[in-house]
Amino acid sequence: MSDAPERGAVISGIGISSIGRKTNRPHLDMTLESVRAAIADAGLMPSDIDAVATLGDTPAALVEQALGLRNVGVEAVPFGGLLAPVMGAFLAVTTGRARHVLVYRTVQMMGGDIPIPAGDDAEPPSGDSPAATVGDVMGDMMPLLAYHAYSAAHWLAMHMRRHMHLYGTTKEQFGWLAVNSRRFAGLNERAVYREPITIDDYLNARPVTDPFCLLDCDV
């Protein structure tokens, strides 16, 4: 591990925007709030940034323009996954291509209702319908919507059930993840839910999508 790229770089600052349901804030506003906080937390100025790595809804060019960045590079990441921009930043710093890399991800959830045609033999949505717009936004998720799997809770519940099948993992064992996550959230003044929960709270929570319950889900 001595030559691992993360050994040659540090995460020197972090920032997060305000979060909540239906904030009606543009992507760029949330992005700028978080990246400015991260830059300040690192003890830097925007002019110190010489590369940007991102995986999110706000294009890097908009952030560079808003921050007044000049001659910054956008790191091309040779692998996928949510941590790809972080690894790209590590590689850039370790190889000397950059000194201070700004990494961000912005997620603005859609909110609202998802209109689904009634019945298996219903006409597919037209190109101007709200359901077609949902398909455009969610990209390759339309096959999942066709099977009424509308959210990450549905998708991840299948992984949870598979884990239980393969390894004998119990519902109670998963429950301790939720209990401990809430305990840590209580230490974060920006967390949405901070009141502690017990394993009994978890086991008695209403089901959402088997084997997921309400307390397996995020806000």
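A salt bridge is a side-chain nitrogen of Lys or Arg within 4 Å of a carboxyl oxygen of Asp or Glu. In this predicted model, Arg25 and Glu33 meet that description, with their closest N and O atoms 2.7 Å apart.

## Overall architecture

The protein chain contains eight helices and five strands. Their order along the sequence is α-β-α-β-α-β-α-α-α-α-α-β-β.

Of the 219 residues in the protein chain, 28% are buried. The chain exposes about 14700 Å², and carbon and sulfur atoms supply 56% of that area. Counting contacts between residues at least 6 apart in sequence, 55% join residues at least 24 apart.

## Salt bridges

The structure holds four salt bridges. Side chains of opposite charge can pair when their charged atoms come close. Glu33 pairs with Arg25 and also with Arg190, where the N to O distance is 3.7 Å. This second pair links distant parts of the chain: Arg190 sits in the loop between α7 and α8, Glu33 in helix α1 (residues 27–41), and 157 residues separate them. Arg25, Glu33 and Arg190 are thus members of a network of salt bridges. Each member is partly exposed: Arg25 has a relative accessibility of 22%, Glu33 has 28%, and Arg190 has a relative accessible area of 41%.

Another of the salt bridges joins Lys171 to Asp216, with the closest N and O atoms 3.2 Å apart. Here too the pair connects distant parts of the chain, since Lys171 belongs to helix α7 and Asp216 to the segment after β5 (212–213), 45 residues apart. Lys171 counts as partly exposed at 22% relative accessibility, and Asp216 is partly exposed with a relative accessible area of 24%.

## Helix α7

Helix α7 covers residues 171–185. At 1.5 Å a residue, its 15 residues should span 21 Å, and the end C-alpha atoms are 21 Å apart, which agrees.

The buried residues of α7 are Phe174, Gly175, Ala178, Val179, Arg182 and Ala185. Viewed down the axis of α7, these buried residues fall within an arc of 150°, so they line one face of the helix. The cover over them includes α6 (152–167) and α8 (199–203). Lys171, the residue of α7 that pairs with Asp216, is partly exposed.

## Helix α2

Helix α2 runs over residues 60–67, and its residues Ala60, Val63, Glu64 and Leu67 are buried. They occupy an arc of only 100° around the axis, which puts them on the same side of α2. On the other side of α2, Ala61 and Gln65 are exposed.

Gly68 follows α2 and has a positive phi, near 70°.

## Phe90 and Ile11

Phe90 is part of helix α3 (residues 84–94). This residue is buried, with a relative accessible area of 13%. Although Phe90 and Ile11 are 79 residues apart along the chain, their C-alpha atoms are separated by 9.0 Å.

## Cysteines

A disulfide is a covalent bond between the sulfur atoms of two cysteines. The structure holds zero disulfides. Cys213 is in no disulfide, and its nearest cysteine sulfur, in Cys217, is 7.2 Å away. A disulfide requires the two sulfur atoms to be within 2.5 Å, so the 7.2 Å between Cys217 and Cys213 is too far for a bond.

The two cysteines also have their own accessibility values. Cys213 is buried, with a relative accessible area of 3%, whereas Cys217 is partly exposed, with a relative accessible area of 29%.

Conventions: Residues are numbered from 1 along each chain as its sequence is written. This is a predicted model: local features need pLDDT of at least 70, side-chain atom pairs count only at pLDDT 80 or more; totals for chains, interfaces and linings use all residues. Side-chain values use heavy atoms; hydrogens and water are left out. Helices (H or I, at least four residues) and strands (E, at least two) are DSSP runs, numbered from the N terminus. Buried means under 20% relative accessible area, exposed over 50%, partly exposed in between (1.4 Å probe, protein chains only). Contact means heavy atoms within 4.5 Å. Accessible areas come from the Shrake-Rupley method with a 1.4 Å probe; for residues, only the protein chains shown count as cover. The expected span of a helix is 1.5 Å times one less than its number of residues. The arc is that of the directions from the helix axis to the C-beta atoms.
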